[in-house]
Amino acid sequence: LNRKLTDVSALGESAEIVFVSQNEDHILVLNDLRDGSHTAFSKYLPFEPAPGKDLSPSQRAVRGQSGSGVVRDFRGIEVLALWDYLPNLRLGLVLKVDRAEVFAPVHHLLRLNLMVALITTLIVALVALFLSRSITRPINDLTEAARRLANGDLTGEIPVCGQNEVGQLANATRTMSRNLKSLVGKVKVIGSEITKTAQFISNSARQQVGAAQQTGTSAVEVNT
């Protein structure tokens with residue numbers, strides 16, 4: 001009967017029920033405790049708390065109090081306890097479970113959430129770094145190509161940057177570079193033609209001047 005009354009293993013490994021009664025200036029434990037020790041009617045607990053300490057659940061129960069909360073039991077360990085007084089039997093009843101066991105799933109869940117948060121943060125940081133490089137690198141390449149164009153270097157290649165906004169800008173810059181190359185080529189051809197025409201005019205002028213000089217010389221000789 002004692003084992004059946006005190007069997008609360010379904011509540012946890014550290015869960016136990018303790019029946020207590022006041023015996024003069026002590027508290028008598030009426031059943032065996034879960035640690036396996038034979039304490040029934042042989043274990044005494046102090047009726048008064050230690051100086052500066054709160055009442056334990058057993059001390060509260062034998063004083064006719066009822067309640068629940070996180071307190072320290074007679075072992076000095078924090079427990080989640082429920083205590084009550086049974087007036088018909090003149091007994092105190094304490095049901096308790098170690099706080100560490102009760103909150104162990106919560107702590108495990110917190111650690112799991114923290115781990116998930118750290119992994120998520122790492123993944124987000126890596127993705128952000130990849131996206132940043134995938135955006136900034138084409139922009140830097142395009143900036144360098146634009147700088148070369150501004151300095152008159154039309155030989156550089158404009159990098160292909162995809163179909164996004166950066167890619168559209170690169171395509172526009174590439175088109176501008178091709179147009180500049182074509183324009184420069186046309187200017188070179190026109191310049192070459194102008195040079196040839198100028199040389200031809202210059203040669204013709206020299207020939208005409210030479211012919212005029214010879215005509216003038218011949219006229220002078222005839223007159224003399």
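In the predicted model, the protein chain exposes about 16000 Å², of which carbon and sulfur atoms supply 60%. Of the 224 residues in the protein chain, 24% are buried. Among contacts in the protein chain with a separation of 6 or more, 30% are accounted for by residues that lie 24 or more positions apart.

The secondary structure of the protein chain comprises five helices and six strands, and these elements follow one another along the sequence in the pattern α-β-β-β-α-β-β-β-α-α-α.

The largest nonpolar core consists of 14 residues, and within this core the residues with the most contacts are V18, V20, I27, V29 and W83. At least two residues of this core are supplied by each of β1 (16-23), β2 (26-29), α2 (57-62) and β5 (78-86), with β5 giving the most, namely three residues. Another core, of five residues, lies apart from the largest one and includes I17, F19, L28 and L91.

The surroundings of V29, one of the residues with the most contacts inside the largest nonpolar core, were examined further. When the neighbours within four places in sequence are left aside, V29 is in contact with V18, F19 and V20, and also with T39, A40, F41, S42, K43 and L45. Among these partners of V29, V18 and V20 are themselves listed with the most contacts inside the largest nonpolar core, whereas F19 is among the residues of the other core, of five residues.

Notes
Residues numbered from 1 in each chain as written. Predicted model: local features only at pLDDT ≥ 70, side-chain atom pairs only at ≥ 80, totals over all residues. Heavy atoms only, no water. Core = buried A, V, L, I, M, F, W, Y, C linked by side-chain atoms within 4.5 Å. Buried < 20%, exposed > 50% of the residue type's maximum accessible area, 1.4 Å probe, protein only. Helix = DSSP H or I, 4+ residues; strand = E, 2+ residues; numbered from the N terminus. Contact = heavy atoms within 4.5 Å. Areas by Shrake-Rupley, 256 points an atom, 1.4 Å probe, with all protein chains shown as cover.
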